[in-house]
Amino acid sequence: MKAFTSANPRDLAHAVTLIRQGRDANRTVAIAGGGSDLLGMMKDRLVTPDLVVHLKAVKGLDQVKQAKDGVTIGGLITLDALSAHPLIRRQYAVLAEAAEGVATPQIRNVATLAGNLNQRPWCWYYRNGFTCLKNGGTTCYSVSGENEFHAIFGGGPSYIVHPSDTAPALVALDATFRIVGPDGERRVPAAEFFTLPTVDPARENVLKDGEVLAEIVLPARAASTRSTYHKILDREAWTHAVVSAAVVLDMNKEVVRAARVVLGGVAPIPWRLPEVEKMLAGQRITPALAAKAGDAAVAGARPLAKKGYKVPLTRNMVKRTLAGFAAPA
Amino acid sequence: MPKGDDVLIGTATPNPTVQGKVRSTFGAHFVEVEVDTDLGRAHVTKYVAVHDCGRIINPLTARSQIRGGAQMGIGMALHEDLLYDRRSGTPLTAGYYGARISTHLDAPEIDVIFIESDDGLGPFGAKSMGESSKVPAPAAVANAVANAIGVRMKDLPITRDKIVAALAARTGARS
């Protein structure tokens with residue numbers, strides 16, 4: 001690992017100042033929350049920062065706070081604390097379930113929500129240091145190589161899948177991200193935070209160099225909201241999603257008033273399914289409707305050579321997740 | 001076999017034959033799997049390993065040794081894989097994360113039964129054990145998967161993509 005300086009600011013304003021000063025002095029700056037992804041990337045020399053600004057000492061950003069129009073979650077909350085929080089479990093089950101399905105207990109104890117959303121892709125070409133689009137090159141090696149786990153939606157020129165479990169949950173919950181940077185503060189809806197490779201193949205989101213994802217704001221949810229997160233792994237624990245589904249249903253008794261269905265593991269961004277959402281609105285969920293929704297979910301899938309199996313997997317995943325909400329016959 | 005106050009002397013040789021005889025160790029494994037045909041997940045629900053390793057000197061560590069080998073075989077059967085980039089030869093799935101080795105949640109309860117044969121040739125009546133339990137494990141898991149879904153898998157690991165594709169091919173052939 002290359003030698004680096006570590007800085008531990010106590011508040012966000014100080015953190016942003018340190019980041020800006022480092023950049024002005026022509027030093028490469030990395031930002032760490034729990035550091036569980038960054039440390040591994042530094043050891044593998046995928047990133048070689050001169051300065052690591054570690055946010056762990058920043059006060060007050062690891063809380064869930066209830067506001068009158070919703071809930072604010074600090075970006076530094078650990079995935080473990082997030083998944084165990086009573087308010088999140090009760091009102092935003094999809095987020096609690098997504099957080100508790102990440103990696104392993106050891107990682108969830110240190111990894112933060114903001115870090116989970118900003119982790120770099122886990123494509124094996126990128127992580128093994130190939131000079132691909134994500135590593136400053138001009139090729140996506142998965143296209144003609146090993147691509148079992150790559151994108152079936154929204155791919156090109158890079159075919160990575162977005163690795164975060166919490167990202168589809170937050171898009172499904174219509175969350176807003178509060179971003180703090182050298183030029184001040186801005187708010188971005190979760191769905192617009194993540195960007196396709198056509199925008200910039202080297203990046204996965206709108207975060208600019210030196211910006212910090214500070215807080216996530218969730219709108220208030222009616223008590224009748226039902227939500228869940230289902231994840232398929234390729235062993236029983238500690239893999240990213242092969243396919244996952246975040247479903248949030250605003251219910252009026254047994255009828256769906258409005259739906260959000262967002263997939264993980266299948267596209268370079270959390271992949272919303274507006275056609276499926278429209279299909280569910282105003283309906284009672286039945287096994288037949290769930291099957292129809294599963295078919296509609298994969299209507300636009302474009303698999304590369306080795307991942308045709310992800311299409312039936314996605315169809316069956318959507319079908320099963322929705323069927324879980326079917327009223328007992 | 002030794003009795004009472006007998007003094008025991010062990011010997012070892014790189015050519016373990018006595019009077020032209022070879023000591024062999026034997027094992028048979030019995031596996032129950034559950035396969036989710038929609039999502040292609042295969043999961044071992046019950047596992048029994050029966051071994052003849054001669055006299056068992058330390059039952060606790062002997063059982064653990066058999067369980068460890070069987071667990072390696074289950075991982076090899078269901079998810080461990082080392083993929084290479086064909087242009088450069090670089091391994092793509094190295095390491096604990098990449099190679100998909102078994103986690104605690106992948107480990108089923110493994111019952112171990114020893115049949116302590118007495119061929120009298122080994123030290124204290126013992127025979128070799130090593131990772132002999134890894135040998136039958138992948139075949140036993142693969143047999144159980146074939147028994148569950150009616151399609152025989154011919155290469156390891158038997159991952160979700162292969163199960164889903166095999167079942168789709170079978171359904172396609174019928175319709």
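**Figure 1. Burial and overall form of chain B in the predicted model.** Of the 175 residues of chain B, 41% count as buried. The chain contains four helices and five strands, and along the sequence these elements follow the pattern β-β-β-β-α-α-β-α-α. Chain B has a radius of gyration of 20 Å, well over the 16 Å that the globule rule gives for 175 residues, so chain B is more spread out than a compact globule. The C-alpha trace spans about 70 × 40 × 35 Å along its principal axes. Among the contacts in chain B between residues at least 6 apart in sequence, 66% join residues at least 24 apart.

**Figure 2. The surroundings of B:Arg67 in helix H1 of chain B.** Helix H1 of chain B covers residues 59–78, and B:Arg67 is part of that helix. The relative accessible area of B:Arg67 is 32%, so this residue counts as partly exposed. Leaving aside residues up to four places away in sequence, B:Arg67 touches B:Ile110 and B:Val112. B:Asp85 is 18 residues from B:Arg67 in sequence, and the C-alpha atoms of the two residues are 33 Å apart in space.

**Figure 3. A:Ile73 in the largest nonpolar core.** This core has 42 residues. Which of them touch the most other members? They are A:Ile73, A:Leu95, A:Phe177 and A:Leu218. A second, separate core has 34 residues, and it includes A:Val256, A:Leu289 and A:Ala297 as well as B:Val164 from the other chain letter. The close-up is centred on A:Ile73. When residues up to four places away in sequence are not counted, the residues that A:Ile73 touches include A:Gln63, A:Val64, A:Leu82, A:Ile88 and A:Leu95. Also among them are A:Leu113, A:Ala214, A:Glu215, A:Ile216 and A:Leu218.

**Figure 4. The buried and exposed sides of helix H12 of chain A.** Helix H12 of chain A covers residues 287–297, and its buried residues are A:Leu289, A:Ala290, A:Ala293, A:Gly294 and A:Ala297. These residues cover an arc of only 145° around the axis, which puts them on the same side of H12(A). In general, an α-helix has 3.6 residues a turn, so residues three or four places apart point the same way. On the other side of H12(A), A:Ala288 and A:Lys292 are exposed. What do the buried residues of H12(A) pack against? Their partners are helix H11 (274–280) and helix H13 (310–323) of chain A. Two of the buried residues, A:Leu289 and A:Ala297, also appear in the core of 34 residues.

**Figure 5. Parallel strand pairing around strand E3 of chain A.** Strand E3 of chain A covers residues 51–54, and strand E1 covers residues 5–7. These two strands pair in the parallel sense over three bridges. E2(A) also pairs with E3(A) in the parallel sense, over four bridges. A:Val53 in E3(A) is the bridge partner of A:Ala7, and A:Val53 is the bridge partner of A:Ile31 too. Helix H2 of chain A, residues 36–43, takes part in a right-handed β-α-β unit with E2(A) and E3(A).

**Figure 6. Two residues of chain A with positive phi.** Most residues other than glycine have a negative phi, and most peptide bonds are trans. A:Asn26 is not a glycine, yet its phi is positive, at about 60°. A:Asn26 lies in the loop between helix H1 (12–24) and strand E2 (29–32) of chain A. Is A:Asn26 buried or exposed? Its relative accessibility is 70%, so A:Asn26 counts as exposed. A:Ala103 also has a positive phi, near 45°. The place of A:Ala103 is the loop between helix H5 (93–100) and helix H6 (105–110) of chain A. Its relative accessibility is 18%, and because buried means under 20%, A:Ala103 counts as buried.

**Figure 7. Cis peptide bonds before A:Pro157 and B:Pro157.** In chain A, the peptide bond from A:Gly156 to A:Pro157 is cis, with omega near -5°. A:Pro157 is in the loop between helix H8 (124–127) and helix H9 (166–172) of chain A. In chain B, a cis peptide bond joins B:Leu156 and B:Pro157, with omega about -10°. Where is B:Pro157? This residue is in the loop between helix H3 (136–149) and helix H4 (160–174) of chain B.

Terms used. Residues numbered from 1 in each chain as written. Chains lettered and ligands numbered in written order. Predicted model: local features only at pLDDT ≥ 70, side-chain atom pairs only at ≥ 80, totals over all residues. Heavy atoms only, no water. Core = buried A, V, L, I, M, F, W, Y, C linked by side-chain atoms within 4.5 Å. Buried < 20%, exposed > 50% of the residue type's maximum accessible area, 1.4 Å probe, protein only. Contact = heavy atoms within 4.5 Å. Arc of directions from axis to C-beta. Pairing = 2+ DSSP bridges. Right-handed = clockwise from strand over helix to strand, strands pointing away. Rg over C-alpha atoms; globule rule 2.2 N^0.38 Å.
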